[in-house]
Amino acid sequence: MKTGKKIEFILICIISFGIVFGVLCGVGTMFSGWHFVDDHEYAEYAYLMKFQHMSPLQVMHQWVEADMGIRFRPLYHPIRILLVCIFGLNLTAISAVRGMVIALTLIFLYYCGRLMGANPFYSIMFALTSIVGYQGAAWWKLGPQESFGTILMAAGFYLMLKWLAGGKKSYAVISLILFGIMANYKGSYVVVR
């Protein structure tokens, strides 16, 4: 990697992580505890595993089965249950994971802009306008988990652009796999696919 590209990468990482964690800390999400916007489900998962002695797979099966009668999001609860398996009810850690996912999403979107021929300023503006506004609540609130679907979309889009720019066929294959996973994450992402 050339020196200019390394500096650009380091700068976009600093900007992305700085903006995301600045917002998470600034609005209080990082350390504010329970919001009761879907985050109560974390406590339900933990309760089932700890006091009902269900395995993580049993909890996943129960939640996915119940959810499929209402809406299509077969990978939504498994990812959230894995977070509880790893971090317990440490909402600060779960929020930090969310921040990292969104910061990485910004980086992917920035490089999508660059692959589409935009200069660094317009590329960062493209990335930022993709995650702010009405859709911003999906990542700065603790409960909703759309950020995982968004990073899958951004990474898949990036790989698709790499393939279209004359890259390897493996970029196209991995892009399609990521889009397939994204479409199974939540019903609203089926339309994007």
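**Figure 1. The largest nonpolar core of this predicted model brings together 50 residues.** Within this core, Val 20, Tyr 45 and Val 59 have the most contacts. Helices α1 (3-26), α2 (40-50), α3 (56-68), α4 (76-87), α5 (91-115), α6 (120-131), α8 (146-164) and α9 each put in at least two residues. The biggest share comes from α5, with 13 residues.

**Figure 2. The whole chain, for orientation, is built from ten helices and zero strands.** Reading from the N terminus, the elements simply go α-α-α-α-α-α-α-α-α-α. Along its principal axes, the C-alpha atoms take up a box of roughly 55 × 40 × 30 Å. The radius of gyration is 18 Å, which agrees with the value near 16 Å for a compact globule of 193 residues. Of those 193 residues, 44% are buried. Look at contacts with a separation of 6 or more, and 67% of them join residues 24 or more positions apart. On the outside, the chain exposes about 10,300 Å², and 70% of that comes from carbon and sulfur atoms.

**Figure 3. Tyr 45 and Val 59 touch each other in the core.** Setting aside neighbours within four places in sequence, Tyr 45 is in contact with Val 59, Trp 63, His 77, Arg 80, Ile 81 and Val 84. Val 59 sits in helix α3 and is buried, with a relative accessible area of 0%. With the same kind of close neighbours left out, Val 59 is in contact with Tyr 45, Leu 48, Met 49, Met 54 and Ile 81. Ile 81 therefore turns up among the contacts of Tyr 45 and among those of Val 59, under a contact cut-off of heavy atoms within 4.5 Å. For a sense of scale, the C-alpha atoms of Val 59 and Val 173 are 32 Å apart, with their positions 114 residues apart along the chain.

**Figure 4. Helix α3 keeps its buried residues on one face.** The end C-alpha atoms of this helix are 18 Å apart, which agrees with the 18 Å that its 13 residues should span at 1.5 Å a residue. Val 59, Met 60, Trp 63, Val 64 and Asp 67 are the buried ones. Down the axis of α3, these buried residues fall within an arc of 120°, so they line one face of the helix. What sits over them? The cover on the buried residues of α3 includes α2 and α4. Flip to the face turned away from the buried side, and you find the exposed residues Leu 57, His 61, Glu 65 and Ala 66.

**Figure 5. His 53 sits in the loop between α2 and α3.** This histidine has a positive phi of about 55°, although it is not a glycine. Most residues other than glycine have a negative phi. Is His 53 buried or exposed? With a relative accessible area of 66%, His 53 is exposed, as the cut-off for that is over 50%.

**Figure 6. Leu 89 sits in the loop between α4 and α5.** Leu 89 is partly exposed, at a relative accessible area of 40%. Not counting residues up to four places away in sequence, Leu 89 touches Trp 34, Tyr 42, Ala 43 and Ala 46. The C-alpha atoms of Leu 89 and Asp 39 are separated by 9.8 Å, even though the two residues are 50 apart along the chain.

**Figure 7. Ile 94 is a buried residue of helix α5.** Its relative accessibility is 2%, so Ile 94 counts as buried. From the C-alpha atom of Ile 94 to that of Arg 80 is 9.2 Å, and the pair is 14 residues apart along the chain.

**Figure 8. Helices α1 and α9 both come close to their expected spans.** With 24 residues, α1 reaches 33 Å from its first C-alpha to its last, close to the expected 34 Å. Its buried residues include Glu 8, Ile 12, Cys 13, Ser 16, Val 20 and Leu 24. Just after α1 comes Gly 28, with a positive phi of about 95°. Helix α9 (residues 169-183) has 15 residues and reaches 21 Å, close to the 21 Å expected at 1.5 Å a residue. In α9, Ala 172, Ser 175, Leu 178, Phe 179, Gly 180, Met 182 and Ala 183 are buried.

Technical notes
Residues are numbered from 1 along each chain as its sequence is written. This is a predicted model: local features need pLDDT of at least 70, side-chain atom pairs count only at pLDDT 80 or more; totals for chains, interfaces and linings use all residues. Side-chain values use heavy atoms; hydrogens and water are left out. Helices (H or I, at least four residues) and strands (E, at least two) are DSSP runs, numbered from the N terminus. The expected span of a helix is 1.5 Å times one less than its number of residues. Buried means under 20% relative accessible area, exposed over 50%, partly exposed in between (1.4 Å probe, protein chains only). A nonpolar core is a set of buried Ala, Val, Leu, Ile, Met, Phe, Trp, Tyr and Cys residues joined through side-chain atoms within 4.5 Å. The radius of gyration is taken over C-alpha atoms; the globule rule is 2.2 Å times the number of residues to the power 0.38. Accessible areas come from the Shrake-Rupley method with a 1.4 Å probe; for residues, only the protein chains shown count as cover. The arc is that of the directions from the helix axis to the C-beta atoms.
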